[in-house]
Every structure is written in C-alpha cells, then in structure tokens.
Amino acid sequence: MGMDRGDGRNPNQMRPLACSRNLLHRAHGSARWSQGNTIVLAGVYGPKAGTRKGENPELASIEVIWKPKTGQIGKQEKEYEIILRRTLRSICLLTVHPNTTTSVILQVVGDDGALLPCAINASCAALVDAGIPLKHLAVAICCGLTEQGSLILDPTKIEEQKLQAIANLVFPNPPTSVIPKGSSTSAEEPFEHGIITSVTHGAMPVDDYFNCLERGRAACSKISEFFRKSLQSDLPDNASKAS
C-alpha cells in the first residue's frame with residue numbers, strides 16, 4: 001500500500017527542477033537551484049591563496065558555509081556543512097590549485113523537503129559557473145521509506161515528517177555531461193554503478209536501501225540530463241527549467 005502524495009505525484013516522480021547561474025556579481029560563480037518550493041542559492045568564492053589550518057598545502061582546500069533561511073546555524077546545519085564539504089572535495093581536482101581555498105556559501109531560500117540534495121545540486125552548478133576544475137559533476141536525490149513500506153522520491157516537508165526513513169544519495173554524473181574546461185574523467189571509472197555520498201536517517205531495511213539506490217540512480221540520470229541541458233544553454237542569464 002503506497003502513500004498518497006498531497007501534490008498528486010507518483011512515487012518515482014520528482015518536483016519541477018529549475019536552475020539559474022551567474023546571479024551573484026561579487027561571487028566567482030553562483031547558482032540558484034530549486035526542486036519545487038525547496039530553493040538554495042550557492043555562491044563560490046575563490047580559489048584564494050592559502051589553505052585551512054591543518055590541511056595539506058599541496059592540495060586545494062574546500063570550505064562550506066551554510067546559512068539557514070532564518071535563525072542561527074544548528075547541529076543539523078553543521079552536519080550539512082560536513083557532508084557537503086566531503087562531497088565537493090571528492091569531485092574537485094584538488095591538485096590543480098594547490099595551497100588555495102575555495103569557499104562555497106549556501107543560502108537557504110526555501111525548505112519544502114529534500115533540502116540537502118537541493119543544496120548539493122546548487123553547489124555543483126555554482127562550481128561549474130566559477131570554472132572550478134572537477135573530476136566530474138555530482139547529482140543528488142532524496143528517497144524516503146513510508147510507514148507502509150513503499151518508497152517515494154524527492155519528498156516534501158510534510159511527507160518527510162511521515163517517513164520511517166530517509167536516504168540522501170549522491171551519484172557521479174555520466175562523463176557524457178558537460179563539465180568545466182580542464183576537468184577530466186576516467187573511462188575506467190564505474191560511473192553507472194558508483195555512489196559518492198549516502199546519508200540515511202531512521203531505520204531502513206537493507207533490501208529497501210538497495211531499492212532506494214536503484215530508484216535514486218534512475219532519477220539522477222534524469223537530473224543529469226537536465227543538468228547537461230542547463231550547462232549547454234546559451235541564454236544570457238544561463239537560466240533553465242524543467243518539469
């Protein structure tokens with residue numbers, strides 16, 4: 001028995017995607033990513049000389065700063081910063097600009113569920129806009145397990161509150177996608193089977209988790225296609241939308 005979705009979507013249906021780049025004039029790169037009413041604005045500043053304390057000066061450093069829509073940053077936001085930093089470090093070519101720091105600042109504009117994947121997608125789009133060398137792009141999706149045992153993709157805030165468990169999944173974008181000039185991909189890297197980041201909350205049986213991976217990978221292929229079209233867009237404001 002499935003869970004009735006308030007917005008009428010089927011279990012595997014995502015909310016409409018939208019992405020605009022080059023919005024912040026003082027940033028080296030920026031992007032606004034939305035999934036329905038969940039909206040995150042990402043700004044990239046750098047690379048700037050010097051690395052964070054305690055880090056290898058022979059590599060580039062990535063800094064992530066999370067700004068909530070309202071109030072002060074809390075425990076969950078701190079966790080988001082750590083997850084984002086690890087994810088972005090894994091896709092950036094850290095040897096290209098050694099002994100530098102690139103800051104990624106995320107401003108939550110709207111939170112209607114699946115906030116972390118939205119922030120990851122916004123960060124990746126902003127890195128591309130800034131021309132930061134990447135190994136490959138990354139795309140993220142949220143998959144939820146209902147109390148009835150069914151799986152749904154890209155849950156809203158109301159849906160999240162009713163879920164038994166949530167898995168936030170990040171996959172590498174296929175090498176056929178557009179990536180910044182100077183970036184590289186390895187033909188031997190198993191893009192179609194790989195996963196960059198997996199963060200789960202709640203109790204999720206192993207079989208359901210693997211089903212989440214399967215559905216998440218299929219959904220991310222659609223996000224990858226949207227990403228590719230967005231990056232190839234010749235519109236003056238680099239804006240792109242998809243339903």
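## Exercises on a predicted model

The side chains of Ser103 and Glu63 are joined by a polar contact of 2.5 Å (a pair of N or O atoms within 3.5 Å, one able to donate a hydrogen and the other to accept it; residues adjacent in sequence count only if both atoms are side-chain atoms).

Before you start: this is a predicted model, where local features need pLDDT of at least 70, side-chain atom pairs count only at pLDDT 80 or more, and totals for chains, interfaces and linings use all residues. Residues are numbered from 1 along each chain as its sequence is written, and side-chain values use heavy atoms, leaving out hydrogens and water.

**Exercise 1.** Find the strand that holds Ser103, and decide whether Ser103 is buried or exposed.

*Solution.*
- Step 1: Ser103 lies in strand β5, residues 100-110 (strands are DSSP runs of E, at least two residues, numbered from the N terminus).
- Step 2: Ser103 has 12% relative accessibility, so Ser103 counts as buried (under 20% relative accessible area, with a 1.4 Å probe and protein chains only; exposed is over 50%).
- Step 3: Leaving aside residues up to four places away in sequence, Ser103 touches Gly43, Val44, Tyr45 and Glu63 (heavy atoms within 4.5 Å).

**Exercise 2.** Describe how helices α1 and α2 pack.

*Solution.*
- Step 1: Locate α1 at residues 75-91 and α2 at residues 115-130 (helices are DSSP runs of H or I, at least four residues).
- Step 2: Their axes, lines fitted to C-alpha atoms over the stretch in contact, are 11 Å apart, and the angle is about 40° (on a scale from 0 to 180 degrees between N-to-C directions).
- Step 3: That makes α1 oblique to α2 (outside under 35, over 145 and 65 to 115 degrees).
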